[in-house]
Structure formats: structure tokens, C-alpha cells
Amino acid sequence: MSTWFNQSIMSIKIYNSMSRDLEEFVPQNPENITMYVCGPTVYDTPHLGNARPAVVFDVLFRLLRHTYGVNSVEYARNFTDIDDKIMARALENGEDIYSLTERTIADYHSIMTNLSVLTPTHEPRATQYMTSIKGAVAELLLFGHAYSVDGHVLFDINSYPSHGILSGHKQEDLDAGHRVAVADYKRSAGDFILWKPSSDDQPGWDWATVGRGRPGWHIECSAMIGEIFVYQTIDIHGGGADLRFPHHDCEISQYGACNQRPLANYWMHNAMVLVDGLKMAKSTDNFITVRNE
């Protein structure tokens, strides 16, 4: 039963990464609170850093359910199941990406169960939302926020004046070659991939107007949020602090350019798990898996 009319509802305050301030949480509709959290790229077993956002936002999910009612919170946490890291690991293993991602997702679910993390309302996979992804890219091209070069479609950050509003990064601050890919075909260094071509031996989806290929990372979440939450502004978007730049900056710009409304009213980010002062990451081989711990 909803607690919408219960005057004793306690006040929840959260730190909003967008305003950089502690704010009282005021949902748009207390009977249907919407939350999306960026989930894992599924190419290997989770390490402690991967598990942290799942646990942190599970606590928030439980608190919102307790406060507003068990059936009053719609929570989505995605799986990125098409990505260059996945492709590289599958090639290394001598298997297709689908075998790898299915096994890794099953492992992730097993670990979350052992951690007593609740299952979200939705667990979308990028490969299941290719129609929505293509539709979002097509809209960005139509509205002049994207351009096509040799089978690549890129978002033009100069077409969206508030790009970078979450992280506060300026164009001149971009760490080209690390967090931002370098490419001669870009109009600006910060322009990011929406769609990239796939060779015959790579996973890809046919698209008559652009060419066979696969989506860029940033567009996946924007498209999934749009379809799941009917292209509305959601209450809360969450993830690890390392996603503020560039991932969440890119999500905000794409969604705003397509839908002419904010992506989320509250942005929340958990801190990183550090090892000797460095972020735990598979890329730096300084990680401890949840199972090993």
C-alpha cells in the first residue's frame, strides 16, 4: 500500500552531484519513483569496486521502498553486453561474445544474491535495445547534434552548449587519449562515438542508412532509460564517481538534445574502492574479486 498520503513520511536528504549540495529528496510522483544506475560491463567476474555501487544503491532502493512503499519504486540497473572490452576478451577466449556475457551475467547474479542485494525492477541489456539505440542516434543526426564520417556517427559537443555541466570539465581540460579517444575524423576532441562500424568478423547490427556497426557506450544508457521510463525525466540517476566524466556528461547531452528535458533531477555517485591510492580496476590489474575476498 502506498504511503503517499501519510504525513509522517520521513525526509530523505541526498547529496546531488549536479548541484554539489545536500538536498531534500522530492520525487515527481511519490507513487512511482524512478531510478537508474549504471551497471557492469560484463566481460569478467566482478571485483570489489564493481560490487560497491550495487550495494550502495541497493541500500537506497530499500530506503525508498521503506519510505514510500514497496511497489512505489521502479529501479533499473543495466548490463553493458556489447563493448570493445567484451569483444577483446571473447577473442582471447576463443568464444563468441554471447557465451561470454551470458556466463558473466550469471556469475554477477550469483554474487549479488550472496551479497543479499535485491534484484532491480529492470535489468536491461544493451543488445536488447538496438532499435531504441538506432532511433536515438537517428534523432541526433536529424536535429543536427550528430554527424556521420566513414561509418562512424559522432555527437557534436559544440551543438549542445551545456555539455559537461555535471563534471564541470571544459574542452581545454579534456584528457585526450585517456578518458577521451583521439581520432582524426572528429570535429572537436571531445566529440564522442554514437555508432561505430563493425568488420565482418566483429559483432554488428545492420543499419541501411548508416552502415553495419555497433553502438558507442554512452548512447546505450540514454536509449535504455528513454524506453524504460517513456522518455521522461527520471528522479535519480546513479553510478560510480568515475562515470561523471565522460559517461554521464555524455548521457545528459544526448538525452537533452533528443528529448528537450533533463535526464534526471538528482545525480548520485558512490566513491571508488582504492588500492594504494589508485582506483581498483581490471585495466590496471590491482583488483580483488568479490569471490576471492
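**Exercise 1.** Sort the lining of the second largest pocket by class: how many residues are nonpolar, polar and charged?

*Solution.* Start with the terms. A pocket is an open set of points on a 1 Å grid over the protein atoms alone, where a 1.4 Å probe fits, with protein on both sides within 12 Å along at least five of seven lines; lining residues have an atom within 4 Å of a point. Ala, Val, Leu, Ile, Met, Phe, Trp, Tyr, Cys and Pro count as nonpolar, Asp, Glu, Lys and Arg as charged, and the others as polar. Now go through the lining, which includes Asp84, Met87, Tyr98 and Gln202. The tally comes to seven nonpolar, one polar and four charged residues.

This is a predicted model, where local features need pLDDT of at least 70 and side-chain atom pairs 80 or more, while totals for chains, interfaces and linings use all residues. Residues are numbered from 1 along each chain, and side-chain values use heavy atoms, leaving out hydrogens and water.

**Exercise 2.** Find which helix gives the most to that lining.

*Solution.* Helices are DSSP runs of H or I, at least four residues, and strands are runs of E, at least two, numbered from the N terminus. Both α2 (84-93) and α3 (97-114) supply at least two residues. The winner is α2, with five.

**Exercise 3.** Are the two faces of β4 covered or open?

*Solution.* Buried means under 20% relative accessible area (1.4 Å probe, protein chains only). On one side, Val73, Tyr75 and Arg77 are buried. On the other, Glu74 and Ala76 are buried too, so both faces are covered.

Definitions and conventions:
Buried means under 20% relative accessible area, exposed over 50%, partly exposed in between (1.4 Å probe, protein chains only).
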